[in-house]
Amino acid sequence: MNKIIDGKLVRDARANELMEKVKNIKDELTLVVISVGNDEASRVYVGQKEKMANKIGYSFLNLHYDEIEEEELIHKIEELNNDQKITGIIVQLPLPAYLNKEKIINAISPLKDVDGLTNYNLIKLIKKEECLIPCTPLGIMNLLDYYKINLETNIVIVGRSELVGLPLFHLLENRNATVTLCHSKTKNLGDITKNADILIVCVGKKELITKDMVKDGGIIIDVGINREDDKLYGDVSSLAMEKAQLMTPVPGGVGPMTVISLMENVYKAYCFQNKK
Ligand SMILES: NC(=O)c1ccc[n+]([C@@H]2O[C@H](COP(=O)([O-])OP(=O)(O)OC[C@H]3O[C@@H](n4cnc5c(N)ncnc54)[C@H](OP(=O)(O)O)[C@@H]3O)[C@@H](O)[C@H]2O)c1
């Protein structure tokens, strides 16, 4: 039996659906990615976003700065907020440490915040109101739904960042899951993860979760991306696959879903802006 949850397959299916919708609108949608500094992984991620934006039929603009003053960057974001030709804006993370990430992200208009990372959108999500949802949690929800996985069960999330774990907690709870949220201060992590019908790991530590820490017949979503000697590793040991009912690979699981979710958010932002 194939135990793989195939993110590329689901991404391609969703990309086809989105392309159809985009074909049917007369306006051109534009995604702007702002990047600062010379983070190698970020360069790869921006390239992946550009490729997918082109495929979907969006215009794509990468505003790259080797260095920029915080005030100048915020001024640039405000200009983009007021530019009717721009549909979505993201700031590629991580930003260099000299820049205030919170201040910069929250300068983005909530209607153009296609990464769903402004406080405005996070609060809306917690309050279960219509909003732009962060791309990785959105992609994970769509992946679970594609495979028709029942969410009204015991779900353990390891990692509570505002980018992944925290919004995911709220999205799952909103679908009547019983969710346990673990983090770096959680004691006896393995005792908790072992009871998870669905285990979602978003930490950033290579193979933190070993085979003995997962449930027989459980479902595992591995969000982690850890680079070592030009190879990618997840947060879950690949040996866990032997016990799992279903599991995402790294790469090829959650990563492709994050990129397509960003594209879906651009379309959603367009609909919000045009009250469709
Ligand atoms: N596939 C994708 O598309 C995608 C997208 C986004 C991120 N990622 C990957 O996902 C991983 C997490 O990203 P992130 O931005 O959420 O990271 P982050 O902001 O560094 O958050 C990591 C979380 O893991 C927790 N943690 C750290 N060590 C732990 C331990 N030993 N046991 C349990 N929890 C621990 C931290 O707990 P505290 O809160 O207590 O510090 C924190 O909540 C990274 O590998 C990243 O590259 C992948």
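**Exercise 1. The surroundings of the ligand**

Which helix gives the most to the shell around the ligand? Describe the residues of that shell as well.

*Solution.* The structure is a predicted model. Step 1: the helix sought is α9, which spans residues 254-273 and gives three residues to the shell. Step 2: there are 26 residues around the ligand, and those that come nearest are S161, H183, S184, G204 and T258. Step 3: sorted by character, the shell holds 11 nonpolar residues, 12 polar ones and three charged ones.

**Exercise 2. The division of the chain**

State the bounds of the two domains and the separation of their centres.

*Solution.* Step 1: domain 1 covers 26-109, while domain 2 covers 135-255. Step 2: taken over C-alpha atoms, the centres of domain 1 and domain 2 are 28 Å apart.

**Exercise 3. The setting of helix α7**

Determine whether helix α7 is largely enclosed or not, and name the elements against which its buried residues pack.

*Solution.* Step 1: a residue counts as buried if 20 or more other C-beta atoms lie within 10 Å of its own. Step 2: in α7 this holds for G165, L166, P167, L168, F169, L171 and L172. Step 3: seven of the nine residues of α7 (residues 165-173) are therefore buried, so the helix is largely enclosed by the rest of the structure. Step 4: the packing partners of these buried residues are the helices α5 (119-126) and α6 (135-146), together with the strands β4 (154-158), β5 (178-182) and β6 (198-201).

**Exercise 4. Strand β4 and the sheet**

Place strand β4 in its sheet, giving its partners and the number of bridges to each.

*Solution.* Step 1: β4 and β5 run parallel and are joined by five bridges. Along this pairing, N154 faces T178 of β5, and I155 stands opposite V179. Step 2: β4 also runs parallel to β6, with four bridges between them; here V156 is opposite L199. Step 3: the whole sheet is open and has five strands in the order β5-β4-β6-β7-β10, with parallel pairing. Its edge strands, each pairing on one side only, are β5 and β10 (246-247). Step 4: four of the five residues of β4 are buried, so this strand is largely enclosed by the rest of the structure. Step 5: together with α7 and β5, strand β4 makes a right-handed β-α-β unit.

**Exercise 5. Unusual backbone geometry**

Which peptide bonds are cis, and which residues have a positive phi although they are not glycines?

*Solution.* Step 1: the expectation comes first. Most residues other than glycine have a negative phi, and most peptide bonds are trans. Step 2: L93 and P94 are joined by a cis peptide bond with omega about 5 degrees; P94 belongs to the loop between β3 (88-91) and α4 (101-105). Step 3: V250 and P251 are likewise joined by a cis peptide bond, with omega about 0 degrees, and P251 lies in the loop between β10 and α9. Step 4: N176, in the loop between α7 and β5, has a positive phi of about 65 degrees. D230, in the loop between β8 (226-228) and β9 (231-233), also has a positive phi of about 65 degrees. Step 5: N176 counts as exposed because it has 11 C-beta neighbours inside 10 Å. D230 counts as exposed because it has 5 such neighbours inside 10 Å.

Methods
Residues are numbered from 1 along each chain as its sequence is written. This is a predicted model: local features need pLDDT of at least 70, side-chain atom pairs count only at pLDDT 80 or more; totals for chains, interfaces and linings use all residues. A residue is near a molecule or strand if its C-beta atom, placed from the backbone, lies within 6 Å of it. Helices (H or I, at least four residues) and strands (E, at least two) are DSSP runs, numbered from the N terminus. Ala, Val, Leu, Ile, Met, Phe, Trp, Tyr, Cys and Pro count as nonpolar, Asp, Glu, Lys and Arg as charged, and the others, Gly among them, as polar. Domain bounds come from an automatic or database domain assignment. A residue is buried if 20 or more other C-beta atoms lie within 10 Å of its own, exposed if 12 or fewer, and partly exposed in between; C-beta atoms are placed from the backbone. Two residues are in contact if their C-beta atoms, placed from the backbone, lie within 7 Å. Two strands pair if DSSP finds at least two bridges between them. A crossover is right-handed if, with the strands pointing away from the viewer, the path from the first strand over the helix to the second runs clockwise.
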